[in-house]
Every structure is written in C-alpha cells, then in structure tokens.
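Please look through the notes below with the sequence and coordinates open beside you. They are set out as numbered points, each on one local feature or a small group of them.

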Amino acid sequence: MAVDVLSPDARRSVERLERLWREPRGLVGWLTTTDHKRIGILYFFTSLTFLGAGGVEALLIRTQLLGPDRSVVSPETFSQLMTMHGVTMIFLFVIPMSIGAFGNYLLPLMIGARDMAFPRMNAVSYWIYLAAGLFIYVGVFTGNGPDAGWFDYVPLASRQFSPGPNIDFYALGLLFVSVSTTAAAINVIVTTFKLRAPGMAINRMPLFCYAMLAANGALVFALPPLSAGLILLELDRLLGMRFFDVSAGGDTLLWQHLFWIFGHPEVYIIVLPAFGIATSIIPTFTRRKMVAFPLVALSEILVAFIGFGVWAHHMFAVGLPTVNAIYYAAASLVIVIPSGVQLFAWITTLVTGTPRFSTPLLWIVGFIVFFIAGGLTGIMFAAIPFDQQVTDTYFVVAHFHFVIFGAAVFPVFGGMYYWFPKVTGRMYHEGVGKASFVLTFLGTALTFFPMHIVGLLGMPRRNYTYPPDVGWAPYNLAETIGAYILAGGLMLVVLNLAVSRFRGAPAGNDPFGGDTLEWVTTSPPPAYNFAVIPTVSSAYAAWDLEDRKRDAELLARRERTLEEGHQAQATSVLDAEPEEIVHMPSESWYPLLVAVVLAGLFSMLLLQHYVVAGGFALGVAAVVALWHLREPEEPEDALVLLETER
C-alpha cells in the first residue's frame, strides 16, 4: 500500500521502518549489506557471470568437436575446459543461482519474514562464494585450471599424474565454496522453521519453501562426504599420504564413493529448487490451486531423502558385488515414484486450470518436456547391463544435460521472468520473452538429443577429438549448431531483462495475480519487506483477501509492526505460534573481512606456506571473535531514533 493512502498512524509506522532499515547508499551499502534482497541480487549477478564463463567453455568444447581431427584447442586445454565447465555450472552457477539468489530473495518474503535468520552469516556466505569462485578461476587464467573432470577421479587426480597445482585449485576451491554453501543452507533451514509469519503452520508453507527446505537439508548432509574426500586428496597430494594409493593399501574407489555420496544427492539438490519454482508459477498462470498439494510437498522431501540411497548407480562398471548393484538399481527405480507424483500434479493442474501461456509458464512447459525425457533415460540407467554398455559415452552426457539443464535450469529462467516485475517494478517484453524461450528450447533439443544417438554409437565422453571414419561427424555438427542457437536464446533472455529494467512498463505490486506473500508487498519490496507482520491462514496467502484486510487494520492501529529496531517475529517450528521478538543485526564490514582473510588462508595452503596459513586461520578466529564482542544488545540506529522521537 502506498504511503500517501495510509492513515496518519500507519504512515508514521512506515516512515519509521524506512529510517530503521535504511542502509548506506552506493558501493559502501552493497559491500556492507545484510539485507537478504540485496544479497540475493549479488548472488544473481555473480552466478549469472559464472554462467557466462561456463557457457563460453561449453562453446569452445563444441567448436573443437564440430568435426573430426580439429585442433581449435590443445588436449590439455580441452581437459581444463571440460572440467571447468562442469565445476562452474554445478558449483558456481546452478546452486548459487537457485538457492543463493532465488532462495535468499524470495524465501523471507514468502513466509512473511523481515530477513533471514542470520543476516550477517548470510552476507558471509555470499562473500565466501565470490572469493571461492575467483580462487578457482585464478587457476584457469594462470593456465593451471582443474583438468581431471568435474568428478576428479583418482589416480588421474593424484600427484603422480597431475604434478602441477591444477587439482589443488579444484580441491581447495571446492572446500572453500562448501563453507559458503553450508552456511547458506543452515540459514535457509533455520529461517524456514523459525521465522514464518504467525499462522503459517508447517502445512501452510508454499511449495517453494518445501523445495528449498528439502534441498538445503540435503546439502547439509551431502557436503561432509565431499569435504572429507577433498581433504584426503589434498593430504595425499601435499603431504604424501596414501589414502587412494592401492600399492600402499589405499583404495581408489574410496574417492568415488565419497564423491558420489555427495554427487547423486547433488542432482536432486539442483532439481528441487526448480520444482519449487514450477509449483509457484503453475498455480498463478492456471488460476487454480496446485493439485495434490500435500503429496507434492511430501514428494519434495522424499526426493531429497531417497537420493542418498542411489549414489552407487554411478559405479556399476567398477565391479560392485551383484547384490549391491541390484540394490542401487532398485533404489534408482524407487525415486521415480515421488518425482512422478509431482509430474502428474503439475500436468493435472495445467489441464484442469485455465492456463495463460505467458513467458514464465512456457519455460515451465519446456521444463516438463525435458524432465520427462531425462527421466525416461534415467530409468534406462537402472538396467545394469545397459548402464555398463553406455558408461563413459555421450549417452550419459545427454541424459545428464536433459535433467540438469532442461529440467533444472529452465525453471530458473522462468523464475527470472516471473519475479522480474517484483524485483524491479518493471515488466519485461512479452514477445521477446517468448522468442527467447523458443530459441533456448530448440537449441537445447538440438544440442543434447543427438548425443543420445552418438553415445549409442560408441562415442566416448571427455575425448578432445575423434577419427573421421566412425560416423559421428554429422551428429557433432548438429550438436554444435544447437549449442550456438542455445547461446543465442540465453543472450536474448539477458538482453530482454536488461533493457526492460530501464524501459519496461510499470508493473504494479502484483501484475500476475500471484498466490504467495511476496506479491502482497510493493515492487520492489522495501528493506523491511512488510510494514506489518502478515496474517496467514492458508498456503495461498495472497489470495486470502480477508487476511490482507486484517493486515491493513493492524497497520492502521500500529500493531505487529515491530518498530523498535531491526526486529523479526520468531514463531514455533510446527504451528508458527508467536514466541519472541528477535533483534536482527544491521550492515557490517565483518562478513567481507572474514571472506578476505579466509581467501588468504586457502591461498597459503595452495602455496604450501602452512605457517602463514595458520596465521590466517587465527585471523579468521580473531575477526569472528571481534564481530561478536562488538555486537550491541540493541541496534544503535533504533536507540538514536527512539531518543529523537522522545
């Protein structure tokens, strides 16, 4: 509600909140921000930049494979490109974009909160993510990029076969970024459980929030095995230990187990936020509630849970005992059930509603198409003999990209269009939006569908070239043309949104008739999100007009406005009953400082200056201790404002 139509008391509340939550302007404001919306925007542009880097790497790979016996890049460069494309897209784009950007910006708005549970830890997680990404790419720009594949199998990754710092950039870089991801995941979980608006019981959360909760819960359990493997690998490489050396009693398969205990849940961690975006867009553009809401919510949790029992289906070719292989094959089939429940719910909602095929919904339809295609080939991998035949061929690459790009990234672009008016207050160009979808859809299909065929013909993945007499050239030509069409579609998305940011028509607060709480506040939202903590009585809070009328009445009486500082309403875990008012920290330089010192620590480990690295570790501890010692019990800006009003 605009300030000029509010009652005098309500206007005073809004003006007071604006003063309390105002952050410094300019560069200083962005460097010290703890506002979840600003941090989400930082995640968005940073991960979009890494998408550009990963896209350039993919185009170079496809250009090299345009025809047989080409030498656009050397074998060594090809290995680095192939590795960095995977590392960038998985660790530096998809997860930070879906969880860091979308999750950070939208989750507090959807649950009616003022901010994330730990605002400064939220800022720390972003700055560490940025520092870790730059750390990894320093290796690329110095010619020492990781070159053993995004899964970094030993013994190829051992010091014997990779004596340079390439693999150290990989291992230390992923350890670095896992600090950020773990902090972000914990923050999302606590925020979801403790900061929901009064009345938003656990069964009234939007499905987007269930997806974020499931994905981040899985991250907390998936990252420790990966971190353990990376630490063991660095101990092997830097200190001469033998955890993966068979001749010294080690086991090379130990790395595969540790990696895939993380790696397969990672697939669902990537896809689950996409499910959440889909379940936000479909009800809005079909004008009806999601079919089988409880089953969809339960299925999102089950996908994350069952995903931890599937990892060894990546290892059918290593000689697992038959009984073990059969178990993992069965688990690979079982996980289809919760995925299928959601698929049928999406399709049924589309069919039984009155869909408006605007740009955001088109991306979700494309997502459903590729999810079905990728899911069908995924079931094929549960057949152990078939899996053994196509292991390390382009059939695996095709399946993986249909699932990860088609099913996980398409909703991200749909979400960009859907929430663009909320973030900017401007509308995008609908015609250009639809054109960008068509180009991207056609490019994705043309790039990855032929890979199924060439994989069945036996073309191995990760090879930098191929002979001319094996019949693979026409398929690779089609794939490369498709890759450039795909790149054109993605560039059109960025161009459309960039131009619309400045020239788009005013959007208003709710241009689509959305069903969740972010559409109740202004576009873009104020720093404090909501002038009054919202009332919630269903999972479709924006459609509950009586609740919104009650919010206006509360604001007019200056009730539940939390005007005594950076305050948030904590509620009970299950029923969202009000418990206490918590004070949230404001802007700070400490998060950026922690990331800088931590970057120094990992740099010294890379250079094997262990004493200096120990000094940086003490520096991190000192900064964190100083941070907490200087934390005021009551926000200073609130005390100053209170004294002024008195």
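1. Gln-608 counts as partly exposed, because its relative accessibility is 38%, a value that falls between the 20% limit for buried and the 50% limit for exposed. The residue is not a glycine, yet Gln-608 has a positive phi of about 65°. Its place in the chain is the loop between helix H18 (590-606) and helix H19 (610-629). As this is a predicted model, the backbone angle given here is a property of the prediction.

2. Arg-287 can be read alongside that residue: it is not a glycine either, and its phi is positive, at about 60°. Arg-287 lies in the loop between helix H8 (252-286) and H9, and at 40% relative accessibility it counts as partly exposed.

3. Helix H9 (residues 293-306) packs with helix H11 (residues 336-352), their axes coming within 8 Å and crossing at roughly 150°. Since angles over 145 degrees count as roughly antiparallel, H9 and H11 are therefore roughly antiparallel to each other. The crossing of these two helices, H9 and H11, is left-handed. On the H9 side the residues that meet H11 are Leu-295, Val-296, Ser-299, Glu-300, Leu-302, Val-303 and Ile-306, while H11 contributes Pro-338, Ser-339, Val-341, Gln-342 and Ala-345.

4. Two cis peptide bonds deserve a look in the model. One of them joins Val-154 and Pro-155, with omega about 5°, and Pro-155 lies in the loop between helix H5 (119-141) and helix H6 (166-194). Another runs from Ser-523 to Pro-524, where omega is near -10°, and Pro-524 has its place in the loop between H16 and H17.

5. The loop between helix H16 (473-503) and helix H17 (545-556) also holds Phe-512, whose partner Tyr-428 lies in the loop between helix H14 (394-424) and helix H15 (430-456), so the pair ties together parts that are 84 residues apart in sequence. How are the two rings of Tyr-428 and Phe-512 placed, in terms of their centres and planes? The centres are 6.5 Å apart and the planes stand at 35°, so the pair is tilted; the angle lies above the 30 degrees under which planes count as stacked and below the 60 over which they count as edge-to-face. Both Tyr-428 and Phe-512 are buried. The structure as a whole holds 58 aromatic pairs.

6. Rings also meet charged side chains in this model, and two cases are given here. Arg-38 lies over the face of Trp-30, at 4.5 Å from the ring centre. Arg-501 lies over the face of Phe-502, at 5.4 Å from the ring centre.

7. Tyr-394 is found in helix H14. Is Tyr-394 buried or exposed? Its relative accessibility is 5%, so Tyr-394 counts as buried, the limit being 20%. Leaving aside neighbours within four places in sequence, Tyr-394 is in contact with Arg-62 and Leu-65, as well as with Met-451, Val-454, Gly-455, Met-459, Pro-460, Arg-461 and Arg-462. Tyr-394 and Leu-457 are 63 residues apart in sequence, while their C-alpha atoms are 9.1 Å apart in space.

Note on methods
Residues numbered from 1 in each chain as written. Predicted model: local features only at pLDDT ≥ 70, side-chain atom pairs only at ≥ 80, totals over all residues. Heavy atoms only, no water. Phe/Tyr/Trp six-rings, centres within 6.5 Å; stacked < 30°, edge-to-face > 60°. Helix = DSSP H or I, 4+ residues; strand = E, 2+ residues; numbered from the N terminus. Buried < 20%, exposed > 50% of the residue type's maximum accessible area, 1.4 Å probe, protein only. Lys NZ or Arg CZ within 6 Å of the ring centre and 35° of its normal. Axes fitted to C-alpha atoms, helices over the stretch in contact; angles between N-to-C directions. Parallel < 35°, antiparallel > 145°, perpendicular 65-115°, else oblique. Left-handed = near helix turned anticlockwise from the far one by under 90°. Contact = heavy atoms within 4.5 Å.
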